[in-house]
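User: I am new to this structure. Could you teach me how to read its features, one at a time?

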Amino acid sequence: MSQTAPIPHGLPLERDAGPFDPPREITRLREARPVSPLIFPDGHEGWLVTGYDAVRRLMADTRFSSRQDIGIVHVPYETPGMPVATEPSPQVPGLFIAMDPPDHTRLRRKLTGAFTVKRMRQLEEHIIDIAERQLDQMARLTPPVDLVEEFALPVPSLVICELLGVPYADRETFQVNSAKFLVKDQSLEEKMAAYGAMATYLAELVTRKRAEPGEDILSDLARHDDLTIEELTGIAFLLLLAGHETTANMLALGTFALLEHPEQLAELRADPDLLPDAVEELMRYLSVADIFYRYATDDIELGGETIGKGSTVVVSLLAANHDPQRFDHPDTLDLHRKARGHLSFGHGVHQCLGQQLARIEMRAGFAGLLRRFPTLELAIPAGAVKLRTDMNIYGVHELPVTWTETAR
């Protein structure tokens, strides 16, 4: 392996090659050295992993810890987008995405029955109904409208609220605070304040469900006496956040990408059977959840490099999903591509628990939207679309769209 100098901390992570492509510098680094040394602002030398094979192996190796209380660099980001090393984050009870086995295993095991493929398929018709009802409301509006506000955000929010037993009428509380939680450029105190506001609300909710359980996932969890209220609150926060933010951004950004690739959009309209492959390709191509952190608990060989014990490792799923060693012409959106094997849902013990739910929501959302609005188009120039470069889950803040007719 060539011994190039460590990358300085000013490395940009924003998508400067366009709204859908990896940053040019990240692409260059992946080609030159898929596991690259990286110097953080405080002088700590860590690593940036961008190659598909290296990212996949790293995420399957539990020696790369997911805990954020033992030295992992905590977001916020420094302009133009490189993480700043700060004090470790506190361990939040129930937030199993930031835990390692056996703690992670104990909590995640309690949820596996709720998100089985079989159970998700049983919900598919209901999810389609939710999407169609939202499209009915949108069709009654006079365009232009914001697709995020009128469709992309409400659909997964309605679905996850119903599954968890969270009143949809309370959506402003969790949508506003989850958005605040995901802002990149903020202090740990600001981030934890957003979490605290949601935790206060959710702690009251799960306490009520423990006293009077209903027919929903949080009630099922509340029946487990070995889970504390604090753990139930953390689990509820994670499921609620992940359950609406990622899918909402995929629906909006995916629509933007399709509108910007009219030949691909035309093929999808002409052949609805293409939709399952299209969803996988959009997941790969867009990679809305890009940057993750791991912490080496031992000296570990990866991609021809030795990652020293105690090193912070920055992982780019976007770069891995655009690796030409794994996907031909990866920077091209190709809805005919068999993109299974992409890393957008993660890999290993932390692979996304709700991935089947997300797939169903995206299939229902895109199918309904494209059928009901055959003349859908952007209402503003593509360059004027407000991108979520300031957020830890990528997407668009707003997507103004218009149409000349709707279909049933």
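Analyst: Start with the handedness of a crossing: it is left-handed if the near helix is turned anticlockwise from the far one by less than a right angle, and right-handed if clockwise. Keep in mind that this is a predicted model.

User: In which hand does helix 5 pass helix 7?

Analyst: Helix 5 passes helix 7 in a right-handed crossing. Helix 5 covers residues 124–139 and helix 7 covers residues 154–164. They pack at an angle of about 140°, and their axes are 9 Å apart. The two helices are therefore oblique to each other.

User: Which residues in helix 5 and helix 7 meet?

Analyst: From helix 5 come His126, Ile127, Ile130, Ala131 and Gln134. They meet Pro154, Val155, Leu158, Val159 and Glu162 of helix 7. By class, this contact has seven nonpolar, two polar and one charged residues. The general idea behind such spacing is that an α-helix has 3.6 residues a turn, so residues three or four places apart point the same way.

User: How many residues of helix 7 are buried?

Analyst: Buried means under 20% relative accessible area. Nine of the 11 residues of helix 7 are buried, leaving the helix mostly covered. Among them are Pro156, Ser157, Ile160 and Cys161. Val155 and Val159 are buried too, and both take part in the contact with helix 5. After helix 7 comes glycine 165, with a positive phi near 85°.

User: What do the buried residues of helix 9 pack against?

Analyst: They pack against helix 7, helix 8 (171–181), helix 10 (217–222) and helix 11. The buried residues of helix 9 include Leu188, Tyr195, Met198, Leu202 and Val206. Lys191 and Lys209 are also buried.

User: How do I check the length of a helix?

Analyst: Compare its end-to-end distance with the span expected at 1.5 Å a residue. Helix 9 (residues 188–211) has 24 residues and reaches 34 Å from first C-alpha to last, close to the expected 34 Å. Helix 11 (residues 229–259) has 31 residues, which should span 45 Å, and its end C-alpha atoms are indeed 45 Å apart. Of those 31 residues, 27 are buried, so helix 11 is largely enclosed by the rest of the structure.

User: What backbone features should I look for in loops?

Analyst: Most residues other than glycine have a negative phi, and most peptide bonds are trans. Look for the exceptions. The peptide bond from proline 101 to proline 102 is cis, with omega near 5°. Proline 102 sits in the loop between strand 5 (82–83) and helix 3 (103–109). Another cis peptide bond joins proline 143 and proline 144, with omega about 5°. Proline 144 is in the loop between helix 5 and strand 6 (145–146).

User: Where is serine 287, and is it buried or exposed?

Analyst: Serine 287 is in the loop between helix 13 and strand 7 (291–296). It is buried, with a relative accessible area of 2%. Its phi is positive, about 45°, although serine 287 is not a glycine. Histidine 329 also has a positive phi of about 45°. Histidine 329 lies between helix 14 (317–321) and helix 15 (355–372), in the loop. Its relative accessible area is 65%, so histidine 329 is exposed.

User: How far apart in space are aspartate 273 and alanine 367?

Analyst: Their C-alpha atoms are 10.0 Å apart, while 94 residues separate them in sequence. Aspartate 273 lies in the loop between helix 12 (262–270) and helix 13 (275–286). At 69% relative accessibility, aspartate 273 counts as exposed.

Definitions and conventions
Residues are numbered from 1 along each chain as its sequence is written. This is a predicted model: local features need pLDDT of at least 70, side-chain atom pairs count only at pLDDT 80 or more; totals for chains, interfaces and linings use all residues. Side-chain values use heavy atoms; hydrogens and water are left out. Helices (H or I, at least four residues) and strands (E, at least two) are DSSP runs, numbered from the N terminus. The expected span of a helix is 1.5 Å times one less than its number of residues. Buried means under 20% relative accessible area, exposed over 50%, partly exposed in between (1.4 Å probe, protein chains only). Axes are lines fitted to C-alpha atoms, for helices over the stretch in contact, and angles run from 0 to 180 degrees between N-to-C directions. Angles under 35 degrees count as roughly parallel, over 145 as roughly antiparallel, 65 to 115 as roughly perpendicular and the rest as oblique. Contact means heavy atoms within 4.5 Å. Ala, Val, Leu, Ile, Met, Phe, Trp, Tyr, Cys and Pro count as nonpolar, Asp, Glu, Lys and Arg as charged, and the others, Gly among them, as polar.
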